[in-house]
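Trainee: I keep meeting labels for parts of a structure. Can we go through how each one is earned?

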Amino acid sequence: MGISIVVTSGKGGVGKTTTTANISSVLASLGKKVCMVDLDIGLRNLDAVLGLTNRIVYDIVDVAQNRVVLSQALVRDPRFEDNLYLLAASQFADKYVLDQDSVRRIITYLKQRFDFVMIDCPAGIEYGFQNAVTVADGAIVVTNPELASVSDADRVVGILESMKMPITPHLIINRVRKNMINEGTSMRIDDIVNHLRIPLLGVVVDEDDVIAASNAGRTVISDNNSDAGHSYRNIAHRMLGENIPLDIFNGDKKTGFFSRVFGRKK
Amino acid sequence: MSNVTLKGSKEGFVVIINDESDFQQALKDLKELILKQNIGSADDDVIQFTIKTGNRLLTDAQIKEVKKTFTEYPQIEIKDIISEVDSRLEVSKLLKANKMNIETGIVRSGQRLEFEGDVLFLGVLHEGAQISTNGSIYILGKVNGIVQAGFPDNTSAAIFGNLRHAAQLRIADVIEIVTDDNADELHNHQFAYIDDMHSISVNDLQDYKEVMSNSRKGTV
């Protein structure tokens, strides 16, 4: 029996989908059986980030309404042999066609077949969010180092804590701008963690490569030059229970005056 | 011991209704007792009686009956009906209102904790969160949200502790917004209260006794 983990944030655009795609890919590459479920009905994009859009025939709404059996709707990612699957969201249906019972039925079934069921949650804390979090065993809260995002994350953590999930919510701080941290113009990692008071799963830097890879339907996880890819790999290892120290960069990596003037590295 | 006893004391006349007696019988005896007294003419002063019911708690209907007995005679009236016992409901209400609640958790954005009685807050109140009670609030923890004491109309409630980082201080119906301008005046070891102008003032803790006694003098 596997576990279901919802990736959520409250605020939109912080990188839920990218995080889901990258972490799931790493877990799959480590030999775990992973199924991603896109619950952002009507605004699906997990498939696009992974470059699987063309392969979708049936989606979660087809399964919920018993038009097909679940295994027919699972899209296999050919890059990860038999380890990574996607259950896509419907692009046409209204979000209210999914109710909690059918989502719970689908997730429960998937948990029997997979080690990890990664649920990509829609932004906000409304209907779709409620559906996604009530069926999950644990949650990953994604936030950016900015006030609006941290404040929304706080709200979400409050709701998650009131649900008493078997696994406490964990935090990923995404899109961290190295240069802004070094200059002291961004929120500090410590401050965010101290404020939200949930365990930190990892810190991912803001990198052009991540966006470029998403646009190309790839993930950055196999790119050894990518700091973000490195962070995603560490996060996945931590999820598997390995003790990997957090690579929070401190002021010691400060770039010199000239390199700041003459362009950032990468 | 008879069902009804009349006694004189420092506080005036007291009628004791024996708590072991039958109520209807006692009521009858009470009427007789009143008749036996030499009640003066209408010009005389009204005589007040305190009724003590011992270990018996009269129901609302019984209280009505006792009062009805007295209204028949304009020269006498009931000052008070006192029982040695209180109902469970009454007591739990009283306990709740006088309880010191100790809260240690994190209150997150969008959450609102409500209490009855005073609150000793040792936790963390995040931005966008609220704690609210009808009594006073003593803050030892970190507070970035809205602190509401004396909800909804207890103007003698106060908020103690470091108020500087709170978003708003609310006491009863008065709201004080903490901005950059007035935050400098707020420090630890202070308290916020409603002054005689019915607005929120902040003072040092050592002045609490004086301030509260002054403000009571002003209102009563």
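Mentor: Yes. This is a predicted model. We start with helix α6 (residues 127-134) of chain A, where Gly128(A), Phe129(A), Asn131(A), Ala132(A) and Val133(A) are buried.

Trainee: What makes a residue of α6(A) count as buried?

Mentor: A count of neighbours. The label needs 20 or more other C-beta atoms within 10 Å of the residue's own. Phe129(A) is one of the buried residues, so Phe129(A) reaches that cut-off.

Trainee: What covers the buried residues of α6(A)?

Mentor: The cover includes three strands of chain A, β1 (3-8), β5 (116-120) and β6 (138-143). It also includes the helices α5 (100-113) and α7 of chain A.

Trainee: Now α7 (residues 147-162) of chain A and α9 (residues 189-196) of chain A. Why is α7(A) called roughly parallel to α9(A)?

Mentor: Look at the angle. The two helices pack at about 25 degrees, with their axes 10 Å apart. Angles under 35 degrees count as roughly parallel, so α7(A) and α9(A) earn the label. The crossing is right-handed.

Trainee: Which residues make that contact?

Mentor: From α7(A), Val150(A), Ala153(A), Asp154(A) and Val157(A). From α9(A), Ile192(A), His195(A) and Leu196(A). By class, five are nonpolar, one is polar and one is charged.

Trainee: Over to chain B. How do you know that α1(B) is roughly parallel to α2(B)?

Mentor: By the same kind of test. Helix α1 (residues 23-36) of chain B packs against helix α2 (residues 60-71) of chain B at about 15 degrees, and their axes are 10 Å apart. The cut-off is under 35 degrees, so the pair is roughly parallel. Here too the crossing is right-handed.

Trainee: Which residues meet there?

Mentor: Phe23(B), Leu27(B), Leu30(B) and Lys31(B) in α1(B) meet Gln62(B), Glu65(B) and Thr69(B) in α2(B). Three of these residues are nonpolar, two polar and two charged.

Trainee: What does chain B contain as a whole?

Mentor: Five helices and 18 strands.

Trainee: Why is chain B called more spread out than a compact globule?

Mentor: Set the value against the rule. The radius of gyration is 25 Å, and the globule rule gives 17 Å for 220 residues. The value is well over the rule, so the label holds. The C-alpha atoms fill a box of roughly 75 × 35 × 25 Å along the principal axes. Of the 220 residues, 22% count as buried.

Trainee: How many residues of chain B are in contact with chain A?

Mentor: Eight, and they are in contact with six residues of chain A. The chain B side has one nonpolar, five polar and two charged residues.

Note on methods: Residues numbered from 1 in each chain as written. Chains lettered and ligands numbered in written order. Predicted model: local features only at pLDDT ≥ 70, side-chain atom pairs only at ≥ 80, totals over all residues. Contact = placed C-beta atoms within 7 Å. Nonpolar A, V, L, I, M, F, W, Y, C, P; charged D, E, K, R; others polar. Axes fitted to C-alpha atoms, helices over the stretch in contact; angles between N-to-C directions. Helix = DSSP H or I, 4+ residues; strand = E, 2+ residues; numbered from the N terminus. Parallel < 35°, antiparallel > 145°, perpendicular 65-115°, else oblique. Left-handed = near helix turned anticlockwise from the far one by under 90°. Rg over C-alpha atoms; globule rule 2.2 N^0.38 Å. Buried ≥ 20, exposed ≤ 12 C-beta atoms within 10 Å, placed from the backbone.
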